[in-house]
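Thanks for sharing this one. Here are my notes, as numbered points to read alongside the model.

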Amino acid sequence: MKTKDELPDCPVATTVSLIGSKWKLLIIRNLLTRPWRFNELKKDLDGISQKVLTDSLRSMEEDGIVTRTVYAEVPPRVEYALSELGESLRPVLDAMREWGNAYKGAV
């Protein structure tokens with residue numbers, strides 16, 4: 001996790017710095033439904049490269065938004081899920097969904 005000194009003073013800028021990329025928002029959208037495996041996310045997020053998905057998941061894991069669970073199986077299984085902090089983003093994405101639907105209805 002970043003320290004307070006590493007984050008912008010503005011709370012909106014802080015949020016954007018943590019989840020502001022297109023791919024991070026779509027990853028979070030998926031993880032709000034259930035835990036996902038890497039290849040499931042890659043298939044569902046049309047156009048995302050393996051590198052961007054890997055970098056986004058690692059970054060959100062470092063920031064405490066995503067958890068990564070490795071299961072000791074053969075072959076190994078890894079699942080990504082939202083942490084408690086990540087779950088707290090649900091109202092933010094719900095508001096974005098509502099706004100997007102309202103915008104579509106107005107155009």
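Before the points, one cut-off: buried means under 20% relative accessible area, exposed means over 50%, and partly exposed lies in between. Please keep in mind that this is a predicted model.

1. Glutamate 73 has a relative accessibility of 38%, so this residue counts as partly exposed. Salt bridges with shared partners link Glu73, Arg77 and Glu79 into one network. Within that network, the side chains of arginine 77 and glutamate 73 meet at 3.0 Å, N to O.

2. Close by in sequence there is a backbone detail to look at. The peptide bond from valine 74 to proline 75 is cis, with omega near -5°. Proline 75 sits in the loop between strand 2 (66-71) and strand 3 (77-82).

3. Helix 2 deserves a look as a whole. Of its 10 residues, 7 are buried, so the helix is largely enclosed by the rest of the structure. The buried ones are Trp23, Lys24, Leu25, Ile27, Ile28, Asn30 and Leu31.

4. What does lysine 24, a buried residue, have in place of a salt bridge? Its side chain makes a polar contact with the side chain of serine 59, at 3.0 Å. The nearest side chain of opposite charge is aspartate 63, 4.7 Å away, whereas a salt bridge needs the nitrogen and the carboxyl oxygen within 4 Å. Leaving aside neighbours within four places in sequence, lysine 24 is in contact with Ser17, Leu18, Ile19, Ser56, Ser59 and Met60.

5. Arginine 29 is also in helix 2, and its side chain forms a salt bridge with that of aspartate 44 (3.7 Å, N to O). Aspartate 44 belongs to helix 3 (residues 38-44), so the pair ties together parts that are 15 residues apart in sequence. Both ends count as partly exposed: arginine 29 has a relative accessibility of 33%, and aspartate 44 has a relative accessible area of 40%.

6. Helix 4 (residues 50-62) holds a salt bridge within itself, since aspartate 55 and lysine 51 both lie there, 4 residues apart, about one turn of the helix. Their closest N and O atoms are 2.7 Å apart. Lysine 51 is exposed at 58%, while aspartate 55 is partly exposed at 35%. The count for the model comes to 7 salt bridges.

7. Lastly, the surface: Trp99, Tyr103 and Val107 form a nonpolar patch there, with about 420 Å² of accessible area together. Tryptophan 99 lies in helix 6 (residues 90-106) and is exposed, with a relative accessible area of 59%.

How values were computed
Residues numbered from 1 in each chain as written. Predicted model: local features only at pLDDT ≥ 70, side-chain atom pairs only at ≥ 80, totals over all residues. Heavy atoms only, no water. Helix = DSSP H or I, 4+ residues; strand = E, 2+ residues; numbered from the N terminus. Buried < 20%, exposed > 50% of the residue type's maximum accessible area, 1.4 Å probe, protein only. Lys, Arg positive; Asp, Glu negative; His and termini not counted. Polar contact = N/O pair within 3.5 Å; in protein donor to acceptor, adjacent residues only side chain to side chain. Contact = heavy atoms within 4.5 Å. Patch = residues over 30% accessible without salt bridge, like charges linked within 9 Å, V, L, I, M, F, W, Y side chains within 5 Å. Areas by Shrake-Rupley, 256 points an atom, 1.4 Å probe, with all protein chains shown as cover.
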